[in-house]
Amino acid sequence: MIGIFIALISGALMSIQGVFNTEVTKNTSIWVSSSWVQFSALLVCLAAWLFTGRESFSGLWKMDNKYVLLGGVLGAFITYTVIRSMASLGPARSVMLIVIAQLAVAYLIELFGMFGVEKQPLEWRKVVGMVVAIAGIVIFKWK
């Protein structure tokens, strides 16, 4: 149950952050806004690290698959693409498309067992659920 609650908070925070970042971009630029987002996130993470633990950063270099260290790079592109999509589509449409893309990619990662995730069998109910979600976007976007 706690996982569901945390996921809902995460989704809400992502939507609010996207709107905030888009507004900051209006007064600066997309790269200034994205830089501020990443820099302020770094400060918050370092403060949390100081107060909650102090595990060594050297563990990063012990990773078997070094490509997983590119999460921050992906984060920068996520920030950029969220700002651009919200500016052109608005928050609701952008988030709906972002969530569908997340769902589709996450399912493909599970289906093919990519990036160290345990491979899962194809389940038609999940495919149908995704089709229903896509249909929901079409209905929502319809004018």
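The expected span of a helix is 1.5 Å times one less than its number of residues. Keep that rule at hand as we walk through this predicted model, starting with the first helix. Helix α1 has 26 residues, and its first and last C-alpha atoms are 38 Å apart, close to the 38 Å expected at 1.5 Å a residue.

Let us step back for the overall picture. The protein chain contains five helices and zero strands, so to speak a plain list of helices when read along the sequence: α-α-α-α-α. Its C-alpha trace spans about 50 × 45 × 30 Å along the principal axes. Of the 143 residues in the protein chain, 14% are buried. If you look at contacts with a separation of 6 or more, 52% of them are between residues 24 or more positions apart.

Back to α1, and to what it hides. Its buried residues are Gly18, Asn21, Thr22 and Thr25, and these pack against α2 and α3. How do α1 and α2 meet? Their axes are 8 Å apart and the packing angle is about 135°. An angle over 145° would count as roughly antiparallel and 65 to 115 as roughly perpendicular, and α1 and α2 are therefore oblique to each other. Their crossing is right-handed. On the α1 side the contact is made by Gln17, Asn21, Val24 and Thr25, and on the α2 side by Ile30, Ser33 and Val37.

Asn21 deserves a stop of its own. This residue is found in helix α1, and its relative accessible area is 8%. Buried means under 20%, so Asn21 counts as buried. Which residues does Asn21 touch, leaving aside those up to four places away in sequence? They are Ser33, Val37, Thr79 and Ile83. Two of these names will return in a moment, since Thr79 and Ile83 are among the buried residues of α3.

Helix α3 covers residues 71–89, and the span rule can be tried on it too. Its 19 residues should span 27 Å at 1.5 Å a residue, and the end C-alpha atoms are 26 Å apart, which agrees. Inside this helix Gly75, Thr79, Val82, Ile83, Ser85 and Met86 are buried. What do they pack against? The partners are α1 (2–27), α2 (30–52) and α4 (91–112). Just after α3 comes Gly90, with a positive phi near 90°.

The meeting of α3 and α4 can be described in the terms used for α1 and α2. In general, two packed helices are described by the angle between their axes and the distance between the axes. For α3 and α4 the angle is about 135° and the axes are 7 Å apart; the two helices are therefore oblique to each other. α3 passes α4 in a right-handed crossing. Val82, Ser85, Met86 and Leu89 of α3 make this contact with Pro91, Arg93, Ser94, Val95, Leu97 and Ile98 of α4.

Now for the aromatic rings. A search of the whole structure finds four aromatic pairs, and we will visit two of them here. The ring centres of Trp31 and Tyr80 are 4.9 Å apart with their planes at 10°, so this pair is stacked. Trp31 sits in helix α2 and Tyr80 in helix α3, so the pair links parts of the chain that are distant, 49 residues apart. Are these two residues buried or partly exposed? Trp31 is partly exposed, with a relative accessible area of 49%, and Tyr80 is partly exposed too, at 22%.The other pair to visit is Tyr67 and Phe115, which is tilted: 6.0 Å centre to centre, with 55° between the planes. Tyr67 lies in the loop between α2 and α3 and Phe115 in the loop between α4 and α5 (124–141), so this pair ties together parts that are 48 residues apart in sequence. Tyr67 is partly exposed, with a relative accessible area of 39%, whereas Phe115 is exposed, at 52%.

Phe115 offers one last point to check in the backbone. Most residues other than glycine have a negative phi. Phe115 is not a glycine, yet its phi is positive, at about 60°.

Conventions: Residues numbered from 1 in each chain as written. Predicted model: local features only at pLDDT ≥ 70, side-chain atom pairs only at ≥ 80, totals over all residues. Heavy atoms only, no water. Helix = DSSP H or I, 4+ residues; strand = E, 2+ residues; numbered from the N terminus. Buried < 20%, exposed > 50% of the residue type's maximum accessible area, 1.4 Å probe, protein only. Contact = heavy atoms within 4.5 Å. Phe/Tyr/Trp six-rings, centres within 6.5 Å; stacked < 30°, edge-to-face > 60°. Axes fitted to C-alpha atoms, helices over the stretch in contact; angles between N-to-C directions. Parallel < 35°, antiparallel > 145°, perpendicular 65-115°, else oblique. Left-handed = near helix turned anticlockwise from the far one by under 90°.
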